[in-house]
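Subject: Structure for your review

Dear colleague,

I am passing on the structure below, and would be glad if you could look through it alongside the notes that follow.

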Amino acid sequence: MALARPAAVLLGKELQTEFRTRELLTTTVVFVLMVLVLFSFTFDPTSIESRRFAPGLLWLTLLFAGSLMLHPSFTREQTNDTLAALRLAPIDPTAILAAKILANACFLLVAEAVLLPIFAALYNLHVWPVLGRMCVVLILGTLALATIGTVFSAISSQARMRELLLPLLLMPVLTPALIASAEATAGLFDDPAYLSPQWVGLLAGFDAIFLTVTWLFGEYLLEE
Amino acid sequence: MAIASQTNSSHGVTVEFQNIEKRYGVRYALHGVSLRIEAGECVALVGANGSGKTTLLRVASLLVRPSAGRVNFWETGDAHPLADPIAVKQRIGMVAHQILLYDDLTAEENLELFAKLYGLDRPKDRAAAALEPAGLLSRRNDPVRDFSRGMRQRLAIARALLPAPGLLLLDEPATGLDPAGQHWLGEILARLHSSGCTILMSTHGLSEVHSVVSRAVRLAAGCLAEDSAHSGDPQRMLAAALAAEQGA
């Protein structure tokens, strides 16, 4: 409860600011669409091979989009030193990270909601019959991306060369989650479609571990 | 009348720095600073650039963890220091070097956000009550990015006063304020001081806010160089320190 109330207040602030400025969402959606369209010209969208590549392309695109979107998460708190204002408030510092993680996950999910029908059309994939199971994979994978990305955004925001540091930190740590997401997505495009419990379990475990680590060490991540 | 709504702090907080050190790499920002500020005191921190004033204020606000030493906070009448950092933060208001406000939010939204984070009841009303004495009520729906430097500073001060702090930390609070703004700030500090709030502020130039100062402390190269509690009249020490700075 001590975490939930301030996290909800800060999540409201994040959403209010983003939906007012639309800086992150616009940039990310445009970027994602460009990458998908470019990839669709590289592969023959009607071939079976293309369907084998599609899950990997989808998650690679989301990784690029995520590193683009997550970088400003903490750097924009440097304007007017607003992160200090949040740290001055009598709240659990983890609430700041929780709000950022949830906000980033929301923004990525909105971008994915725009992207998914276009992705399905460009790569000739039948998403509708597996939409429910696809949402499970997208939510778990997005949560992994948002959690790790937000944590590393907090760490890298105080470093020099921060623009380079975030992708460098993000990609190796996210690799297991990306593999699991891509494999689980690939199962959904198989004939017959199936949702692999192993890969989904790995994704859920990854999320649980990193959310717990964030909760335990959140206070230290935000220190000057 | 208007100021009173912002300055209803009933008890000050005593703060004690015990042998504080803060290192950034091999450089000491603070070196062995020990200082006790009693509840209700108004202390001015003076010293040249880089002497450690801002770092000491950030240590006092719990934004910066000291490399060595500790800071204790006592509520008036309590035998034991406050142990929970969240309880300490509930009693602290801070005006920092930057304004600590969101440019994309309006003045009212900013104050409402912080009122909610401080767990204050009726946050919208509290925000409006804080904006009125700052002279910003008519601009309540304007984003902070549209404000002038002086208006931003007034809003920063209003934000710091929202939780009715028992310890007010001010880092050069008169920056950007015109004479009327400095007069307004001087009145607020006088009212807070008389209500028992502890005030610790860093200062560079002479301004109206100095009339409230009951004690002056000079830092030099991260060390405590002079304290008017031991060496005499704070106003005279303040004037001498500021004159030396301006002459340097």
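Before turning to individual residues, it helps to fix one term: two strands are said to pair if DSSP finds at least two bridges between them. Please keep in mind throughout that this is a predicted model.

With that in hand, strand β6 (residues 167-171) and strand β7 (residues 198-202) of chain B pair in the parallel sense, over five bridges, and within this pairing B:L168 has B:I199 of β7(B) as its bridge partner. These strands belong to an open sheet of six strands in chain B, ordered β5-β6-β7-β3-β8-β9, in which the pairing is mixed. Because β5 and β9 (223-227) of chain B stand at the edges with a single partner strand each, one side of each is left without a neighbour in the sheet. From one strand to the next, the twist averages 20 degrees.

Two helices of chain B are set against these strands. Helix α1 (residues 53-60) of chain B lies across β3 (42-46), β6, β7 and β8 (215-220), running at about 150 degrees to β7(B), while helix α5 (residues 149-161) of chain B packs on the sheet, where it touches β5 and β6 and makes an angle of about 170 degrees with the direction of β5(B).

As for the interface, 23 residues of chain B are in contact with 19 residues of chain A. On the chain B side, the elements giving two or more residues are α2 (85-90), β5 (92-95) and α3 (107-117), and the largest share, four residues, comes from α3(B). By class, that side has 15 nonpolar, three polar and five charged residues.

With best wishes

Key:
Residues numbered from 1 in each chain as written. Chains lettered and ligands numbered in written order. Predicted model: local features only at pLDDT ≥ 70, side-chain atom pairs only at ≥ 80, totals over all residues. Contact = placed C-beta atoms within 7 Å. Nonpolar A, V, L, I, M, F, W, Y, C, P; charged D, E, K, R; others polar. Axes fitted to C-alpha atoms, helices over the stretch in contact; angles between N-to-C directions.
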